[in-house]
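Work through these three exercises with the model open beside you. Try each task before you read its solution.

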Amino acid sequence: MMENKQNILQDTFGRQHTYLRISLTELCNLRCTYCMPAEGIQLSPRSHIMTYEEIFSIAKTFVKHGVTKIRLTGGEPLVRKDADIILKKLAALPVELAISTNAVTVDRFIETFKSCGIQNINVSLDSLNAKKFNRITRRNNFKKVFDNIHLLIDKGFNVKLNVVLMKGFNDNEIIDFIKLTKALPISVRFIEFMPFEGNKWNKEKMVSYAEIMDIVNATFEKNKVLRIEDAPNDTSKNYKIEGYKGSFAIISSVTNPFCDTCNRIRLTANGHIKNCLFSATEADLLTPLREGKDIEPIIQKTVQAKFKIRGGMDTLEKLQNPDLHSQNRSMIIIGG
Ligand code: SAM
């Protein structure tokens, strides 16, 4: 597919960007406290959101330059009325198509996922306790989400559960989540809580990779906790309890970033590209696309501007400085 001689998706550190994450919408049917600020967010005007034709057109440009995997995210990608059209259009591209969802409505999309060849579905679930789930999401959808997770497993999808850990909220559920993997062939991924605009982050709320492993090692016999191979460009460190059907993993973006092997680039719902989840800047592709201009030079310039580590916040001190991390829009807007 690399028909264009210029390698516009390689950055100055030699990292080749083959994985595009597209946020389909800024809207969500949940209100997770750590993702969406309590006061809400400034939504882009509707006319500034990419249409499905524009999403397809931009995605095609990336695929032409070597993208082999596209993940749809949001907001909640499945709240978009034309989500199934978008999925079907993108499924026509020679890429691995995947989706991140809160699973509230996935039961309506099983056939679409199957017909689009979607295998890998990441589902957010921060608590196994209905009351706590409802508190963190500010909505009462626990049963629906839990039933839908089982539906996805029964239908043969590869399911990963994303759990954002927060001290004093769900760190006492780490072992319960790992025990879920005894009978279920899923991967539970514990994500270190990350700072974004308006989410009141501080280091004390975060549960680190080291702390998670201390809890795991205090519960399971050491020789039963197996470190398993990470996939290339994997953001997670993968483990398994011997004899369990599933596995668990830790995504340590804060304490142990995995920037060296980063192959990701992000497209926000309003058509801006971000070269890093933590980057404070974005480049608008949608306006030039609508004006009939060539978007490839903008993509190239943005990729070239990518910092070596975490949008330039290369130390924990810098990450903790609100003047730096608060310039970054909320996760709900960027698309996690
Ligand atoms: N609605 C979809 C979902 O629930 O997966 C896709 C969008 S959501 C923003 C993507 C992922 O980002 C979720 O797993 C969510 O938990 C994670 N996320 C949001 N804010 C975060 C934060 N501050 N730190 C770590 N992960 C976060």
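A residue counts as near a molecule if one of its heavy atoms lies within 4 Å of it. Keep in mind that this is a predicted model.

**Exercise 1. The ligand**

Task: Find which residues come nearest to the ligand, and state which polar contacts E76, S124 and M194 make with the ligand.

Solution:
- Step 1. Start with the surroundings: 20 residues lie around the ligand. Y34, G75, E76, S124 and M194 come nearest.
- Step 2. Take E76. An N or O atom in its side chain is 3.0 Å from a nitrogen atom of the ligand.
- Step 3. Take S124. Its side chain has an N or O atom 2.8 Å from an oxygen atom of the ligand.
- Step 4. Turn to M194. Here a backbone N or O atom is used, 2.8 Å from a ligand nitrogen atom.

**Exercise 2. Helices α1 and α2**

Task: Describe how α1 packs against α2.

Solution:
- Step 1. Locate the helices: α1 covers residues 52–64 and α2 covers residues 83–91.
- Step 2. Read the geometry. The axes are 10 Å apart, at an angle of about 25°. Angles under 35 degrees count as roughly parallel, so α1 is roughly parallel to α2.
- Step 3. Add the handedness: α1 passes α2 in a right-handed crossing.
- Step 4. List the partners. Y52, I55, F56 and A59 of α1 meet I85, I86, K89 and L90 of α2.
- Step 5. Sort them by class: seven are nonpolar, none is polar and one is charged.

**Exercise 3. Helices α6 and α7**

Task: Describe how α6 crosses α7, and which residues make the contact.

Solution:
- Step 1. Locate the helices: α6 spans residues 174–183, and α7 spans residues 209–219.
- Step 2. Read the geometry. The axes come within 10 Å and cross at roughly 65°. Therefore α6 is roughly perpendicular to α7.
- Step 3. Add the handedness: this crossing of α6 and α7 is right-handed.
- Step 4. List the partners. α6 supplies I174, I175 and I178, while α7 supplies I212, I215, V216 and T219.
- Step 5. Sort them by class: six nonpolar, one polar, no charged.

How values were computed: Residues are numbered from 1 along each chain as its sequence is written. This is a predicted model: local features need pLDDT of at least 70, side-chain atom pairs count only at pLDDT 80 or more; totals for chains, interfaces and linings use all residues. Side-chain values use heavy atoms; hydrogens and water are left out. Axes are lines fitted to C-alpha atoms, for helices over the stretch in contact, and angles run from 0 to 180 degrees between N-to-C directions. Helices (H or I, at least four residues) and strands (E, at least two) are DSSP runs, numbered from the N terminus. Angles under 35 degrees count as roughly parallel, over 145 as roughly antiparallel, 65 to 115 as roughly perpendicular and the rest as oblique. A crossing is left-handed if the near helix is turned anticlockwise from the far one by less than a right angle, and right-handed if clockwise. Contact means heavy atoms within 4.5 Å. Ala, Val, Leu, Ile, Met, Phe, Trp, Tyr, Cys and Pro count as nonpolar, Asp, Glu, Lys and Arg as charged, and the others, Gly among them, as polar. A polar contact is a pair of N or O atoms within 3.5 Å; within protein, one must be able to donate a hydrogen and the other to accept it, and residues adjacent in sequence count only if both atoms are side-chain atoms.
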